[in-house]
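Thank you all for coming; I would like to take a few minutes to walk you through a structure that is new to most of us. Please have a look at the screen first, and then I will go through a few places one by one.

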Amino acid sequence: MLEAVIYGGLACYCLASLLAVILLVRPAHFSDRWVLTFSSAGCVAFAAALLIDGLSTEQIPLFGRFEAITCYSIAVSVAYVLLATRESMRGLSAFVLPYVTALLFLAGTPSPFLVPNLPPYDTVWLAVHVSTAFIGYGSFTVASAVAASYLLQDFNLKNKRLGHVFERLPSLETADRAMRRQIAFAFTIFTVSVLTGVRLAHFASWQAELLKDPKIITVLLTWLLYAGLLAFCAYSRRHGKRIAQLILIGLFFVLFSFLGVNVITSSTHDFSIDDPAGETTGQ
Amino acid sequence: MKLSMTGINFHSAPVEYRERVSFTEKRVMKALEELSESIPGTEAAILSTCNRTELYVASHDKEFSKDELSEVLLHLASDSHPEEIHAFFYGETGIEAAEHLITVASSLDSMVVGETEILGQVKQAYMLAIEKQPECKMLHTVFQQAIKAAKRVHTDTDISRGRVSVSSIAVDFTRKIFDHLSDKTAMIVGAGETGESTLSRLVEKGVKNVLVVNRSVDKAEALARTYGGHAVPFDLLEDFLPQADIVISSTSAPHCVITEETVRDAITKRNDVPMLFIDIAVPRDIEESVGTIEDAYLYNIDDLQKIAEENMAKRWDSIEHAKVLVKEEAAELRDLFDELDSAVLTKQLDECVKRIRSAEVERFLGKSSLSSLPEQERDEINKLVHQVVSSILADPKRAIKKAEQNGSWSEYSHVVKDLFRLEGKNEKK
């Protein structure tokens, strides 16, 4: 049942990505409505998969690799769908959906995961900490997709390329405004995640581990990068290509702190490895 | 259904003749009213633009010749006209008339092939027709199909993709740099014709703040007044440049009037908010290196003309494909015509049979020997005759529907008309 839902969701995302790319590069008989329908269906399927996963393991489905990547992908999809309610932003689908589809293939299927053994009250804080992190990462990612579209449109304008891609992409001003709003929103949510993380570490007596944890260090670096970017934008009131380039660079920090660190090192935030506080197996 | 059309356009007649049969919206309404009186039982629509005037007339049973309709059109347009004007009219009937309307709506017959304005004008002609004749089912079918076909041609081919005039290409660039134009400032340097036409398009698209820079203060003020802007002395160009989001330059200066350094300063003062430069002057007004500055987008006359030529070439390449689509849509319309015809014929058949039935029943019941027949029995006889006639007609009606569906309607309709003597409807073979 779970696998069927996952494969159904993957099929929807594959179809949505294919249609999105076709719409970006050539005139087509179908409209963006199909892209939005299939991507929303995929998103719902993966949300259902998480629910089934959580019910069968009787754990909050956030801590395994599949669960984490799925939550992040859902966050990216929802941020994209909200942005795509504006017609001028629909060209973004060709950037966001193939990325999400690739990630979901990487996520695979659920496997046993470990849940930090915390009192019920702290488990709620943990859920807030993790879910806000995903929403923050998701919004940062969509901001980067908007930045990529800005840079591509800048390239089109500089090189006088008035093709179909030029028509599909948003204007520079629209993209500039959208990426700033996304970053401001993502940063606020991400800050909540960082603060709840600090609180959890305090109550779980993990303070000693904090500064040794590579994940926490990269998360702080990411937070500082975006804090600096926002401060720079607010102080200098700068716009344009340079800001888009900085936001795109931010995606590498997001990806590294979210996935990269887990691949090359081990930390308290690993998807399926014991942490210093002791855990319970979720599946 | 019989459709006829006649018209005069820029291919067939010079402007001095076209203007004699030109209609305003108000005159179209009046003409439609007059037409409903002069040719009763028909539905009419008048398409009048600066490049063409065409009259479409739909009737259940009569096709009109080009001469008949052109005479009507001339009469509606003016009281007097030169005799030679008749030679400039063209006309079509039947499916060819419908195909012509589809071709016109798809802008394949336009002066600038692929322009979309004509579709709006066709829609307007249709709206005026249904306003005056709310029950015009035949024209409704034809115009709806033409509008649908034109949309398909625009979507499925490159016929209207890409702008073909320098000013509209410049506006395209503006659209992809700025979101809304209402809060943007356009600066025009010099007062060349293309520059002013570009400014005019920008104002149409919503630009509200206009700065006019010219060596002649009088000219600057005159142009500023036209567009509700402000005149700026030429010496203050550099000071005002950072305020401008869009700069259109078309001076006759022999050297560059906007340098890279000036633009760099302006962009810095604007905190990297993008600027669009459109240089229409020859020799150029804006240094080429301005195009290399981040957040500055520069297009000169060659860039714009090259794009216009490429787009025009693409449009021409699409014409054959567009013509195929027009044929397909016209063929679809032929089926709709048949459908309308079969519905009308079925109705005529019903009416004819009803007339005969009523007359015969009346004659039969009117006999003196039956005068004492009770009312209930009279009704029974009436019902019986009705049932017999309906049963006899059921198969022919089914055959009419089948013929309409399998495409053999045009041959079949004549047979039905002959068999049931429905010929008195001016059927034209």
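**A serine in the first helix of chain A**

Let me begin with a polar contact, in which a polar atom of the side chain of A:Ser17 lies 2.7 Å from the backbone oxygen of A:Tyr13. Please keep in mind throughout that what we are looking at is a predicted model. A:Ser17 belongs to helix α1 of chain A, which covers residues 2-25, and with a relative accessibility of 8% A:Ser17 counts as buried, because buried means under 20%. If we set aside the neighbours within four places in sequence, the residues in contact with A:Ser17 are A:Leu97, A:Pro98 and A:Thr101.

Staying in chain A, let us turn to the surface. A nonpolar patch of about 720 Å² is formed there by A:Ile217, A:Leu221, A:Leu224, A:Phe232, A:Leu246, A:Ile249, A:Phe252 and A:Phe253. Helices α9 (214-236) and α10 (241-264) of chain A each contribute at least two residues to this nonpolar patch. One of the patch residues, A:Leu221, sits in helix α9 of chain A, and at 44% relative accessibility A:Leu221 counts as partly exposed.

Now to chain B, and to a pair of strands. Strand β2 of chain B, residues 42-48, has 6 of its 7 residues buried, so this strand is largely enclosed by the rest of the structure. β2(B) runs antiparallel to strand β3 of chain B, residues 52-59, and 7 bridges join the two. Within this pairing, B:Glu43 stands opposite B:Ala58 of β3(B), while the connection from β2(B) to β3(B) is a hairpin through 3 residues.

Conventions
Residues are numbered from 1 along each chain as its sequence is written. Chains are lettered from A and ligands numbered from 1 in the order in which they are written. This is a predicted model: local features need pLDDT of at least 70, side-chain atom pairs count only at pLDDT 80 or more; totals for chains, interfaces and linings use all residues. Side-chain values use heavy atoms; hydrogens and water are left out. Patches are made of residues with over 30% relative accessible area and no salt bridge: like charges are joined within 9 Å, nonpolar side chains (Val, Leu, Ile, Met, Phe, Trp, Tyr) within 5 Å. Accessible areas come from the Shrake-Rupley method with a 1.4 Å probe; for residues, only the protein chains shown count as cover. A salt bridge is a side-chain nitrogen of Lys or Arg within 4 Å of a carboxyl oxygen of Asp or Glu. Helices (H or I, at least four residues) and strands (E, at least two) are DSSP runs, numbered from the N terminus. Buried means under 20% relative accessible area, exposed over 50%, partly exposed in between (1.4 Å probe, protein chains only). Two strands pair if DSSP finds at least two bridges between them. A polar contact is a pair of N or O atoms within 3.5 Å; within protein, one must be able to donate a hydrogen and the other to accept it, and residues adjacent in sequence count only if both atoms are side-chain atoms. Contact means heavy atoms within 4.5 Å.
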